[in-house]
Amino acid sequence: MSEQASVIVIGAGIVGTAIARTLQREGRAVTLIDSGEPGRATSFGNAGFIAIDHVLPLARPSTLRRVPQMLMDRDGPLTLHPASLPSLVPWMARFALAAYSQAEVKKGVDSFGVLTAEANIAWKAEIQASGLGELFKTRGALYVYESEASFAAGEEERALQKAKGTVFEIVDGKRARELAPGLSERIVRGVHYSHGMHTIDPYRVVATLAERFVADGGPLLRSRVRGFGRDGRRVTSVETTDRSLPAEAVVIAAGRASGELTRLLGFNAPLVAERGYHVMLAPDNVRFDLPVSPAERGFFITPMAEGLRLAGTVELAAPHQPPSWHRADLLVRHLKDVFPGVGGGELSRWIGERPTLPDFRPAIGRAPRLANVYCGYGHQHVGLTLATATGRLIARQMAGEELPEPLRACDPGRFG
Ligand SMILES: Cc1cc2nc3c(=O)[nH]c(=O)nc-3n(C[C@H](O)[C@H](O)[C@H](O)COP(=O)(O)OP(=O)(O)OC[C@H]3O[C@@H](n4cnc5c(N)ncnc54)[C@H](O)[C@@H]3O)c2cc1C
């Protein structure tokens, strides 16, 4: 008997597993496939924050103004992997165009308004449906500032958050130190998002979703996708290194590698690796239980199940370049400035590749010129935040619904 066709989700990171779970609950036959173990790629090591406060995409004039500094300062929050520069130029040109265009910035703001509102609902539903309660905490989040000038620079984003109804309180340095004991006297301001939620183990979240998917009858295959069978506008099969799988529909959720698959299907996903690092420290003297982000330094300090995680900063790089481990050392130096005396010996360190499109908007929805291919990639700094929302939106589109108008800005066909 021939194998039954199913919806094949390619990629078992947080985005792919969340999509697979949602489609499975809708009653579809779903197959989840990954060349590795679920949750071992970028979704393994993030800062764990559900960033529904993220309403102003990074492709905007203020980010662009920092590019010269980024090229000069190898220890800044944004840097470039020097050997990758030639291959990054086309991406950077597209980024500059998107960041300079008022129309593009507005598309980013409007689409993130819809996505973060959906994320809020979608995570609560998924936590309940997949029994993830023990992995999440709602303790709020605290952004801290070392100068009034850098606090003032966040005003544009706070105004948007306010308009959207995001709950936050502006606090002085003293109150910030009460919320996160151990913070240095150099902190002069803070913004406290009291409703903020984080996970204490991002890897376990993906692993648990994958386990639940299998327990509910979903096949999870370990194999590398390397091609597709086609019949006109329809993809009829997914070809892996060791088998051919009949496909009713396909979802591309392969993180930074998604562009290699879209190319085979005739459309572009100009993704770069926006690399970030984490360092896990023994949780010595940690007397706070919410994520804290020193805003000027571009990283998060998150108390997690296995210790204190320092995660973040950006290093633009071509794929498969050797890590720049001094970026991880930098996180530890930052911690010592911001939380002197907090954190013990190093437990582990990690590098991950945020999958980032030049306009800093994800690709969500039906692929161009194809009847049964859907996309969920390019989630850059907020893949954990937007994963479950992406699953719900794709499920709705598969069921024949139109996506909300602002999400046209996330159309996977916008790069040709
Ligand atoms: C330092 C750092 C901190 C971060 N902090 C946060 C945070 O606090 N909050 C937040 O929301 N986000 C955060 N992020 C971003 C978030 O981690 C990413 O956006 C997210 O993990 C991307 O998930 P993904 O599923 O798209 O990709 P991945 O996790 O990379 O998964 C893609 C999967 O596809 C598989 N794959 C690829 N090609 C193929 C193929 N041909 N065949 C089969 N399988 C294939 C890979 O093996 C992989 O398992 C952070 C990122 C970094 C680096």
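This passage describes the strand pairings around E13 and the residues that surround the ligand in a predicted model.

A good place to begin is strand E13, which spans residues 244-252. Strand E1, residues 6-10, runs parallel to E13 and is joined to it by five bridges. Within this pairing, Val 9 has Val 251 of E13 as its bridge partner. E13 also pairs with strand E20, residues 373-377, again in the parallel sense, here over three bridges. In that pairing Val 250 stands opposite Val 373 of E20.

The pairing of E13 with strand E12, residues 234-240, is antiparallel and comprises three bridges. With three residues between them, E12 and E13 form a hairpin. One bridge of the hairpin can be followed from Glu 239 to its partner Ser 244 in E13.

Turning to the ligand, its surroundings consist of 42 residues. The closest of these are Gly 11, Gly 13, Gly 255, Gly 276 and Gly 383. Several elements supply at least two residues each to the shell around the ligand. Two helices are among them, H1 (14-25) and H12 (383-398). The strands that contribute in this way include E2 (30-34) and E14 (272-281), along with E17 (307-317) and E18 (346-356). Sorted by class, the shell holds 20 nonpolar and 19 polar residues, together with three charged ones.

Terms used:
Residues are numbered from 1 along each chain as its sequence is written. This is a predicted model: local features need pLDDT of at least 70, side-chain atom pairs count only at pLDDT 80 or more; totals for chains, interfaces and linings use all residues. Two strands pair if DSSP finds at least two bridges between them. Helices (H or I, at least four residues) and strands (E, at least two) are DSSP runs, numbered from the N terminus. A residue is near a molecule or strand if its C-beta atom, placed from the backbone, lies within 6 Å of it. Ala, Val, Leu, Ile, Met, Phe, Trp, Tyr, Cys and Pro count as nonpolar, Asp, Glu, Lys and Arg as charged, and the others, Gly among them, as polar.
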